[in-house]
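Thanks, everyone. Let's walk through today's structure together. Please have a look at it on the screen.

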Number of protein chains: 2
Amino acid sequence: MTDATPIRLLLADDHPVVRAGLRAVLETEPGLVVMAEAATAEEAVARAAEGDIDVVLMDLQFGRGMGGAAATARITARPGAPRVLIVTTYDSDADTLPAIEAGATGYLLKDAPPEDLAAAVRTAAAGRTTLAPSVADRLMNRLRTPGTALTRRETEVLALVAEGLSNQAIGDRLHVTEGTVKSHLARIYAKLDVDSRTAAVAAATGLGLIRR
Amino acid sequence: MTDATPIRLLLADDHPVVRAGLRAVLETEPGLVVMAEAATAEEAVARAAEGDIDVVLMDLQFGRGMGGAAATARITARPGAPRVLIVTTYDSDADTLPAIEAGATGYLLKDAPPEDLAAAVRTAAAGRTTLAPSVADRLMNRLRTPGTALTRRETEVLALVAEGLSNQAIGDRLHVTEGTVKSHLARIYAKLDVDSRTAAVAAATGLGLIRR
DNA sequence: CCGGAGATCACCCCCACGGGCGAACGCCGC
DNA sequence: GCGGCGTTCGCCCGTGGGGGTGATCTCCGG
């Protein structure tokens with residue numbers, strides 16, 4: 001367990017307190033060294049490109065500008081890119097799936113104990129995946145019941161419903177007829193086992209299928 | 001500025017990383033000493049009752065059990081109670097108002113720079129209030145346009161709408177007729193300037209009037 | 001003591017929404 | 001080439017939800 005070269009870290013989070021916490025927790029660990037911090041996603045992308053980082057601890061929600069998922073995609077796109085370990089507060093399909101698609105190596109929640117954090121960093125540095133238990137649970141459920149998954153179009157419709165638009169307004173926005181929107185909604189209701197638009201929005205937000 | 005006795009702190013947050021961050025940020029400040037940490041609201045209430053705490057740094061969202069607002073109420077209810085400074089991630093009316101009602105001395109967001117945090121702690125120890133700019137803004141708007149404020153009952157109805165319940169189901173839940181629910185909703189729509197239940201939910205979540 | 005605000009209920013009208021059914025079309029994998 | 005899936009559209013019909021209006025009662029503060 002005594003590595004010759006330490007694992008070099010980049011902390012990307014818009015909260016100074018969280019960065020200080022991660023630094024405090026990780027710097028006490030042997031074999032880990034915090035190289036830099038980034039307060040925005042853009043900053044993180046730029047810093048990661050310098051080539052002296054092994055693992056990026058990435059938050060998903062930044063106040064302004066690029067999101068953590070987009071930043072992850074840009075970082076992992078480069079050859080010889082560092083591993084990206086997502087460390088965020090909330091977990092939902094709307095967060096986890098884009099992050100995983102973007103090439104994140106692991107997904108942890110901020111309520112994780114320090115030991116788990118350090119262990120996940122080492123696992124990520126080795127190129128292997130660590131998932132928070134709740135995230136792993138939901139991924140398993142998703143694989144078990146593929147019928148529940150909404151299609152891209154259905155998610156799009158439901159997101160507009162959640163914004164409070166009428167079926168006609170949604171049809172206009174998506175350049176389809178109101179009948180098509182109702183058809184999509186009927187399938188959505190069946191999949192979510194509900195019978196009204198508000199219940200669908202409630203169920204979808206609960207399952208993390210749509211944001212907010 | 002050189003106090004004879006330091007300000008004694010209690011950190012209450014369910015995230016170990018955040019506690020470590022707060023500790024790291026505040027312990028470097030002269031005149032501040034972290035006495036204890038609490039990972040749950042119940043723990044914070046118990047620890048604050050011991051009488052050797054001047055300022056409690058309190059999160060609002062705890063994973064399980066009591067919330068930060070309830071804990072704040074219990075702490076401030078005791079004579080000679082410490083000051084409670086709310087330090088949370090998101091700000092919305094649904095969060096700030098209960099916390100202020102519960103007797104919080106200040107309300108900061110976690111994206112605040114360390115200097116502001118330390119300054120707010122000192123201000124709180126002196127019994128004076130510090131509010132994050134965004135929180136102050138919303139409170140001012142609220143005072144300027146009191147018509148927008150929903151009544152307790154209206155908020156209750158709207159929260160059930162957001163859960164996807166029908167008017168009849170809401171009436172049953174609140175032990176009133178469906179007509180009364182529709183009456184409440186009509187005034188909610190007028191206040192929020194919308195014309196459907198889903199739009200009302202969207203507007204209310206945007207304004208932070210209801211949770212989630 | 002009275003006025004205003006909040007909560008409750010009733011009545012009417014009407015349309016958007018939801019349920020049921022059927023049917024095209026394009027894309028993809030077998 | 002065929003079948004499944006996703007997306008699109010159409011039609012009918014019934015009801016829940018939204019708009020308007022008005023009324024009663026309680027509580028609280030001036």
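Which residues come nearest to DNA strand C? Keep in mind that this is a predicted model. There are 17 residues around DNA strand C, and the nearest are A:Arg197, B:Thr151, B:Thr177, B:Thr180 and B:His184. Now look at the DNA side. Of the strand C atoms that come within 4 Å of the protein, 73% belong to sugar and phosphate.

Let's zoom in on some phosphate oxygens of strand C. A polar backbone atom of A:Arg197 is 2.8 Å from one. For B:Arg153, a polar side-chain atom lies 2.8 Å from a phosphate oxygen. For B:His184, again a polar side-chain atom, the distance is 2.7 Å. Which elements give two or more residues to this surface? Helix H9 (178-192) of chain A and helix H9 (178-192) of chain B. By class, the surface near strand C has 6 charged, 8 polar and 3 nonpolar residues.

On to DNA strand D. Here 16 residues lie around the strand. A:Thr151, A:Thr177, A:Thr180, A:His184 and B:Lys182 come nearest. Sugar and phosphate make up 71% of the strand D atoms within 4 Å of the protein.

Again, the phosphate oxygens. A:Thr180 has a polar side-chain atom 2.6 Å from one on strand D. A:Arg153 has a polar side-chain atom at 2.7 Å. From chain B, an N or O atom in the side chain of B:Tyr189 is 2.8 Å from a phosphate oxygen. H9 of chain A and H9 of chain B each give two or more residues to this surface. The largest share, 4 residues, comes from H9(A). The classes here are 2 nonpolar, 8 polar and 6 charged.

Last topic: the two protein chains. How many residues does the contact take from each? It takes 29 from chain A and 29 from chain B. Together the chains bury about 2100 Å², with 69% of that on carbon and sulfur atoms. On the chain B side, B:Val17, B:Tyr90 and B:Thr198 lose the most area to chain A. Together they account for 28% of what that side buries.

What about salt bridges across this interface? The rule finds 0. It also finds 0 residue pairs in polar contact, counting pairs with both residues at pLDDT 80 or more. Several helices of chain B give two or more residues to the side touching chain A: H1 (16-27), H5 (114-125), H7 (152-162) and H10 (197-207). H1(B) gives the largest share, 8 residues. By class, this side has 16 nonpolar, 7 polar and 6 charged residues.

Methods: Residues numbered from 1 in each chain as written. Chains lettered and ligands numbered in written order. Predicted model: local features only at pLDDT ≥ 70, side-chain atom pairs only at ≥ 80, totals over all residues. Heavy atoms only, no water. Near = heavy atom within 4 Å. Polar contact = N/O pair within 3.5 Å; in protein donor to acceptor, adjacent residues only side chain to side chain. Nonpolar A, V, L, I, M, F, W, Y, C, P; charged D, E, K, R; others polar. Contact = heavy atoms within 4.5 Å. Buried area = accessible area lost by both parts, 1.4 Å probe. Salt bridge = Lys/Arg side-chain N within 4 Å of Asp/Glu carboxyl O.
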